Amino acid sequence: MSTIHAPGPLARLQTDFPILGRRVNGKRLVYLDSAATSQKPQAVLDALDDYYTQHNANVHRGVYTLAEEATAAYEEARAKTVRFIRARSPREVIFTRSTTEATNLVAHAWGRSSLTAGDVVVLTHMEHHANIVPWHMLAAERGVELRWIPLTADGHLDLTDLPRLLDGAKLLGVTAVSNVLGTINDIAPLAEAAHAAGALVLVDAAQAAPHLTIDVGALGADFVAFSGHKMLGPTGIGVLWARRELLEAMPPFLGGGEMISDVRLDGFSCAELPWKFEAGTPPIAEAVGLGAAMDYLSDVGMDAVRAHELSLTRYALATLGERFGDKFVVHGPADPVERSGVLSFEFATRQGDSVHPHDIAQVLDSEGVCVRAGHHCAKPLMRVLGATATARASFYIYNDEDDVDALGDALSAVEKMFG
Ligand code: C6P
């Protein structure tokens, strides 16, 4: 069984994550790819195991004991989500498969019922594809106009032209934290500006919910999307929070079981919220696992999570900067306070020859260090950066300064190999 820790030195949490005891290529596993997906603590693995070994049944259907237990566990996970994001009601919390499914739900159900040719959706240059492609699809289908908030040289949103961009807009879609630059966007004033212009606000919180306190009321948004697997939970579970009035007014997304109150030969009527948007058998065990992950994060404390990652990011920027000088260039804000623990970087040899991110990632892997290399599903942003790919290290609660030092040592190995 895992131990629940009081806030303190988070390095002690490492023993709660069984996978971190693994060796890879003969080396200690140094997992620096939590922006892609996080590792899972024993508490989450136990919750999944307990669900499947003791309570597994379909939800909202059976009247037998197991089915009632499964339904209670699934709805308890929703109640935990309500508390975690400080929502007002379980009716506002829809379980989806992922952030991607949540943004598609908004584009499909709200977008297709609310937008017509010439309507404007404003996005930013730092969006993940999950908050771009659904809107491109709608633009192609409906003639919706997409406008873009550009970036400043230091990786912030450039809001100089915001009033013109928002003029006549119906929606602002914006990420709370960039998965490439690490930039933390100040959502509340953006939401205020969007609302003043008559636009709704969709926040992609995929990289925020795992690392920062989320208070959906304080954000001032209308829709907030995030994924369980980046915040210690299982894959296959995501959340869409939305204002109840909007969800009430929106048509359903997918049709099938669970989301109906009646089906006739001449039509159907929808179930109440939140089930109206949960067609078919939902990801039950995954929701239970997400609930356990939220318990774990709440026990640690989201303030402690943020403080730990800030201190690690500071340490990484300082020590790697000192070690490699201008051969190690990190994209995004220079001030760690303005960013999350995501470091997308360029790396060059002492001779100044830049090393391809995939080569970096491969050599790092041979040293047991996992980083992501590629376009990070943010191709428009990569074009702005003038890169086809970057290497990216990302931290979470189980990382410590030894992991940052291991990254530095592995980069020295890259230096050696590429001259
Ligand atoms: N980013 C990364 O390595 P899904 O895949 O639906 O759980 O999450 C999509 C998503 C949406 N928004 C942001 C800001 C994200 O970072 C991601 C996922 C991963 O950066 C995988 S591409």
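Q: What makes the pair formed by arginine 372 and the ligand a polar contact?
A: A polar side-chain atom of arginine 372 lies 2.4 Å from an oxygen atom of the ligand. A polar contact is a pair of N or O atoms within 3.5 Å (within protein, one must be able to donate a hydrogen and the other to accept it, and residues adjacent in sequence count only if both atoms are side-chain atoms). The value of 2.4 Å is within 3.5 Å, so the pair qualifies. The protein covers 89% of the 510 Å² of accessible area that the ligand has on its own (Shrake-Rupley method, 1.4 Å probe; for residues, only the protein chains shown count as cover).

This is a predicted model, in which local features need pLDDT of at least 70 and side-chain atom pairs count only at pLDDT 80 or more, while totals for chains, interfaces and linings use all residues. Residues are numbered from 1 along each chain as its sequence is written, and side-chain values use heavy atoms, with hydrogens and water left out.

Q: How do you know that aspartate 204 makes a polar contact with the ligand?
A: A nitrogen atom of the ligand is 2.5 Å from an N or O atom in the side chain of aspartate 204. This distance satisfies the limit, so the pair is a polar contact.

Q: What makes a residue part of the surroundings of the ligand, and how many are there?
A: A residue is near a molecule or strand if one of its heavy atoms lies within 4 Å of it. There are 18 residues around the ligand, and Arg372 and Asp204 are among the closest.

Q: Why is threonine 124 called buried?
A: Its relative accessible area is 0%. Buried means under 20%, exposed over 50%, and partly exposed in between (1.4 Å probe, protein chains only). The value of 0% is under 20%, so threonine 124 is buried. Its side chain also makes a polar contact with the side chain of glutamate 127 (2.6 Å).

Q: Why is arginine 350 called exposed?
A: The relative accessible area of arginine 350 is 62%. This is over 50%, so the residue is exposed.

Q: Which residues does arginine 350 contact, and what counts as contact?
A: Contact means heavy atoms within 4.5 Å. Leaving aside neighbours within four places in sequence, arginine 350 is in contact with Lys327, Glu415 and Gly419.

Q: What makes the pair of arginine 350 and glutamate 415 a polar contact?
A: Their side chains make a polar contact at 3.3 Å. This value is within 3.5 Å and therefore meets the definition.
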